[in-house]
Amino acid sequence: MEPPDAPAWACGALLLAVLLAAHPDAQAEVHLSVPPLVEVMRGEPVTLDCTPTGTHDHYVLEWFLTDRSGARPRLASAEMQGQGSELQVTVHDSRGRSPPYQLDPWGRLVLAEAQVSDERDYMCVVRAGAAGTAEATARLSVFAKPEATEVSPNRGTLSVMEDSAQEIATCHSRNGNPAPKITWYRNGQPLAVPVEMNPEGYMTSRTVREASGLLSLMSTLYLRLRKADRDASFHCAAHYSLPEGRHGRLDSRTFQLTLHYPTEHVQFWVGSPSTPAGWVREGDTVQLLCRGDGSPSPEYTLFRLQDKQEEVLNVNLEGNLTLEGVTRGQSGTYGCRVEDYDAAEDVQLSKTLELRVAYLDPLELSEGKELSLPLNSSATVNCSVQGLPTPALRWTKDSVPLSDGPMLSLSSITFDSNGTYVCEASLPTVPVLSRTRNFTLLVQGSPELKALDTEPTADGSWREGDEVTLICSARGHPEPKLTWSQLGGSPAERVPGRQGWVSSSLTLKVTSALSRDGISCEASNPHGNARHVFHFGTVSPQTSQAGVAVMAVAVSVGLLLLVVAVFYCMRRKGGPGCRCRREKGAPPPGEPELSHSGSERPEQTGLLMGGASGGARGGSGGFRNEC
């Protein structure tokens, strides 16, 4: 405890200090090293340091707690008996703290788990005898992070017609230390509202200390609402402090308000399906949609105007009217009325629209499914239809446009006019609605015949035995029959890609008889017939017969040349026959002797002698005949 006579003690200490200064070997004045502020998170251990400076043989260190009443109870003390000895520590009063205060071997005050109740001023006093007494105070701050921020919005319906601020929500931040601060936000932006009551808005706050010593903060927001707040999101955030000047923030969830505001505008339209021009197809399911911008959703009355009288069709909170399988008789004026009695008098709460049902009846033709006309005749076919809006008519054949309008004129009909004619009705403003009707035109007439002439394969002429395929095509109605003047023709078949045409073929070999008579193809039906004759011109004989004739001529010429050669030889020998000479001995008088020398040409010898054995031997006289 503090000494009883403080002024006298102070004067004595001053006198002692003067005396010590006069003696050089006196002890130095005592000083303390104590941090003025110690910050710690709740539940963490903390140590308060108190270290005397200088060298002292004996001193007493004491820790005091500065009470809220101003008293200074002693918590613990430590005494040093001599230089270098250990401190003798004693805990005097823990004041019911659990766990109790402790002193470590260096005289530091230890708090095992910091609590909010530990947030006090702790005084350290050191008495060092002749060196004097010193004291210092350390302030302990204990921080606690608050729990998650909670918000409780007003779940009622808030009217924008109120001219004063209404309670919006209450925000709670519990069990923090020091007490957090609460900020309100609208659409993510902080709201600058005062704490004093204000018609436009304000907030109130209340702080409660819990039994644990922690602090809880409750803030309530009041605002004057506008219609624009119907889609706004609100939330609050708790801002709290941490050691070393750090800060934290805990945001609540966002919420929206249910507002009551009167209707200012009404919309009424035809839902899907509908065309850009506003037409709907007969047979579709159509929705009429009515929407007012009041909240909560007002009541809607949907009706139909007939002879300026309202026929109520439906009353609901959605503003929807469904017409299933709509018919042309349901065309007319429909209306919607919003039953909002809070709306201003100048607001138009009723809207009307014109429902236009498009329809297209089946088409009718002046002719039946088939129309039969004679060749080179003319005709007119009419196509009629009922529809709304006015249908557009078009005639086509094989997807090729022919004419626009209900009338189709056919003149100078040919076989090419055969085919299917289509009348198509469409509604330009309702593209998905159309109908078609068709008829088939059959042209009656005698056959039209076309023959495919074939050309020779080589040198521009036919040869005996060449194979050729003849083709005849015809058209007409009834379908013509194709016949050939020679057996073997194929049955008539329809020609792919050529409407109304039939074709037949005949394969045969070319002969001289065909060149003379030809082959005919005939097409016939009840209206007449047509005929075509295939001619082949000059037909040459086959290549093998011509070769035999050439060989016979060659042999005849060869025999003729041989006879001429024999006659020539006989003229050279001087007589018409062969002469005889001896085989041995001198030749007869007047005849030259044949030389057998090497200068005689073998060819000449053989020609005159007829060869070594060519002559006939006469008896045994050693003569032979030579030519």
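Select C171 and C236 in this predicted model, where the two cysteines form a disulfide with their sulfur atoms 2.0 Å apart. The torsion about the S-S bond of C171 and C236 is about 80°, so this disulfide is right-handed. With C171 in strand β14 (residues 166-176) and C236 in strand β19, the bond ties together parts of the chain that are 65 residues apart in sequence. C171 counts as buried, at 0% relative accessibility, and C236 is likewise buried, with a relative accessible area of 0%.

Stay with β19 and extend the selection to its sheet. This is an open sheet of 4 strands in the order β16-β15-β19-β20, with antiparallel pairing. At the edges stand β16 (189-190) and β20 (247-251), each of which has a single partner strand, so one side of each is left without a neighbour in the sheet. Inside the sheet, strand β15 (residues 181-186) pairs with strand β19 (residues 234-241) in the antiparallel sense, over 6 bridges. To see one register point, pick I182, whose bridge partner in β19 is A238.

Follow the chain out of β19 to E244, which is placed in the loop between β19 and β20. Its phi is near 65°, a positive value in a residue other than glycine. Most residues other than glycine have a negative phi. E244 is exposed, with a relative accessible area of 69%. A second residue to select with this backbone feature is S412, with phi near 45°, again positive in a residue other than glycine. S412 is found in the loop between β36 (407-410) and β37 (419-427), and at 53% relative accessibility it counts as exposed.

Next, move to the disulfide that joins C50 to C124, with an S to S distance of 1.7 Å. The link of C50 and C124 is left-handed, with -80° about the S-S bond. C50 is in the loop between β3 (46-48) and β4 (51-53) while C124 is in strand β10, so that the pair links distant parts of the chain, 74 residues apart. Both cysteines, C50 and C124, are buried.

Strand β10 also carries an aromatic residue worth selecting, Y122, together with its ring partner Y101. The ring centres of Y101 and Y122 are 6.5 Å apart and their planes stand at 70°, so the pair is edge-to-face. Y101 lies in the loop between β7 (88-91) and β8 (102-103), and Y122 in strand β10 (residues 121-127), so the contact ties together parts that are 21 residues apart in sequence. Both Y101 and Y122 are buried. In the loop that holds Y101, look also at P99, which is placed between β7 and β8; a cis peptide bond joins S98 and P99, with omega about -5°.

A second cis bond is found by selecting L388 and P389, where the peptide bond from L388 to P389 has omega near -5°. P389 sits in the loop between β33 (387-388) and β34. Continue into β34 and select W395 with F439: the ring centres are 6.1 Å apart and the planes at 75°, so this pair too is edge-to-face. The two rings link distant parts of the chain, with W395 in strand β34 (residues 392-397) and F439 in strand β38 (residues 430-452), 44 residues apart. Both W395 and F439 are buried. Add Y421 to the selection, and ring pairs link W395, Y421 and F439 into a cluster.

Two arginines can be viewed over aromatic faces. R328 lies over the face of Y359, at 3.7 Å from the ring centre, and R72 lies over the face of F64, at 5.5 Å from the ring centre.

For the last stop, select C472 and C521, which a disulfide joins with an S to S distance of 2.4 Å. C472 lies in strand β40 (residues 467-477) and C521 in strand β44 (residues 519-525), so the pair ties together parts that are 49 residues apart in sequence. C472 counts as buried at 0% relative accessibility, and C521 counts as buried at 0% as well. From C472, step to S504, whose contacts include C472, L470, I471 and L482. S504 is placed in strand β43 (residues 501-509) and counts as buried at 2% relative accessibility. A polar contact of 3.1 Å joins the side chains of S504 and W484.

Terms used:
Residues numbered from 1 in each chain as written. Heavy atoms only, no water. Phe/Tyr/Trp six-rings, centres within 6.5 Å; stacked < 30°, edge-to-face > 60°. Helix = DSSP H or I, 4+ residues; strand = E, 2+ residues; numbered from the N terminus. Buried < 20%, exposed > 50% of the residue type's maximum accessible area, 1.4 Å probe, protein only. Lys NZ or Arg CZ within 6 Å of the ring centre and 35° of its normal. Pairing = 2+ DSSP bridges. Polar contact = N/O pair within 3.5 Å; in protein donor to acceptor, adjacent residues only side chain to side chain. Contact = heavy atoms within 4.5 Å. Disulfide = S-S within 2.5 Å. Lists of a residue's contacts leave out its neighbours within four places in sequence.
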